Amino acid sequence: MSFLWEGIAAVTWQQLVMYAVGALLIWIAIKKEYEPSLLLPMGFGAILVNLPGSNAINQTLQGVGEVNGIISWLYDVGIEASEAMPLLLFIGIGAMIDFGPLLSKPSMFLFGAAAQFGIFAALLFAVAVGFPLHDAASIGIIGAADGPTALLVSQVLDSNYVGAIAVAAYSYMALVPIVQPMAIKLVTTKKERCIRMAYESSSVSQRTRILFPIIVTIIVGLIAPSSASLVGFLMFGNLIRECGVLKTLSDAAQNILTNLITLLLGITISFSMQAESFVRLDTLLVMAIGLAAFVFDTFGGVLLAKFMNLFLKQKINPMIGAAGISAFPMASRVVQKIAQEESPGNIVIMHAAGANVAGQIASAIAGGLLIQLVTQFM
């Protein structure tokens with residue numbers, strides 16, 4: 001019993017806060033079913049790494065001395081040393097994506113680009129309030145609503161807030177169904193949300209589907225080399241899907257690989273959620289700026305659609321622009337749900353899906369551009 005009381009006495013108030021954070025993430029994952037595959041291991045990991053003297057962080061082996069615990073080792077190998085986990089996850093994401101709606105209506109690329117506005121607005125604000133450039137860029141990328149990209153950028157730029165950025169990025173991804181409807185309704189009218197759009201289905205040939213990931217990789221690699229790995233792994237996963245001769249590998253990438261990496265990534269991120277580096281006022285500011293970036297990304301896509309409507313005879317439902325964030329496929333589903341609620345029978349899902357997959361590409365490019373930009377000034 002004395003060991004138990006010694007352990008309880010060693011718990012700090014910051015660690016108690018992290019137990020509460022971990023419990024909240026687990027509750028959201030199970031009760032609300034928001035991104036449970038990520039939030040549940042993150043929540044459990046937050047508790048595990050904050051147990052006093054937890055051997056998940058460091059452990060002492062007889063005859064060897066102190067070595068990294070399992071979570072420290074996973075973090076060093078999978079994230080810090082090689083960024084392998086986020087990149088491998090991109091293969092699975094690429095294998096899940098159907099770029100058909102985007103290739104049928106390439107104008108949706110515009111909304112994927114516009115919906116990255118919040119990233120750069122947040123970067124400028126973070127610099128203005130005193131964050132170093134590498135931290136400001138890492139905070140801004142939270143707005144992409146793309147967990148792997150946010151984690152990769154913050155790690156490559158050696159941000160001091162990797163844990164807060166990861167938690168914010170994945171949490172805001174999970175909260176898309178709550179945050180986005182409020183943001184959309186702030187900048188649209190009911191009449192605009194009821195706009196109906198005709199969708200002319202045009203078949204996309206297999207040749208086009210195969211060439212698309214190859215061409216995108218080459219173009220992005222030449223323009224923004226720092227985006228090559230992010231976009232390249234995403235496009236490689238899509239090429240596996242579309243080539244038609246690797247169905248088994250495509251299924252494995254979509255299911256086995258994605259599930260395994262997601263599971264390991266979730267609990268590995270908890271390494272950067274240790275109380276002494278997480279429970280601070282600047283961490284709360286990081287998460288607040290990240291939320292603002294996410295909201296302003298939504299505004300960027302919606303406002304572009306409203307601007308385009310000034311010149312178009314066939315009006316665009318401005319909510320399509322909100323689907324340009326990277327949270328796939330949640331953002332497009334949210335837009336369709338709102339359209340259905342505002343005007344029963346209004347089907348905009350195909351347009352929204354096109355903007356949504358464009359956002360996947362745009363967020364990866366934005367992440368690479370931030371890395372390129374910051375490394376030039378450091």
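Visitor: Which residues in α3 meet which residues in α16?
Guide: Ser37, Leu38, Pro41, Met42, Phe44 and Gly45 in α3 meet Thr262, Leu263, Gly266, Ile267 and Ile269 in α16. They count as meeting because contact means heavy atoms within 4.5 Å. By class, that contact has 7 nonpolar, 4 polar and no charged residues. Mind you, this is a predicted model, where local features need pLDDT of at least 70, side-chain atom pairs count only at pLDDT 80 or more, and totals for chains, interfaces and linings use all residues. Residues are numbered from 1 along each chain as its sequence is written, and side-chain values use heavy atoms, with hydrogens and water left out.

Visitor: What makes Gly45 in α3 polar?
Guide: Just the scheme: Ala, Val, Leu, Ile, Met, Phe, Trp, Tyr, Cys and Pro count as nonpolar, Asp, Glu, Lys and Arg as charged, and the others, Gly among them, as polar. So Gly45 goes down as polar.

Visitor: Why is the crossing of α3 and α16 called right-handed?
Guide: A crossing is right-handed if the near helix is turned clockwise from the far one by less than a right angle, and left-handed if anticlockwise. α3 (residues 36–48) and α16 (residues 247–269) pack at about 35 degrees, so right-handed here means a clockwise turn.

Visitor: How do you know how confident the predictor is?
Guide: From pLDDT, its confidence in each residue, from 0 to 100. The protein chain averages 85, and 94% of the residues score at least 70. Confidence is lowest in helix α1 (residues 2–9), at a mean of 59, and highest in helix α15 (residues 228–242), at 92.

Note on methods:
Axes are lines fitted to C-alpha atoms, for helices over the stretch in contact, and angles run from 0 to 180 degrees between N-to-C directions. Helices (H or I, at least four residues) and strands (E, at least two) are DSSP runs, numbered from the N terminus.
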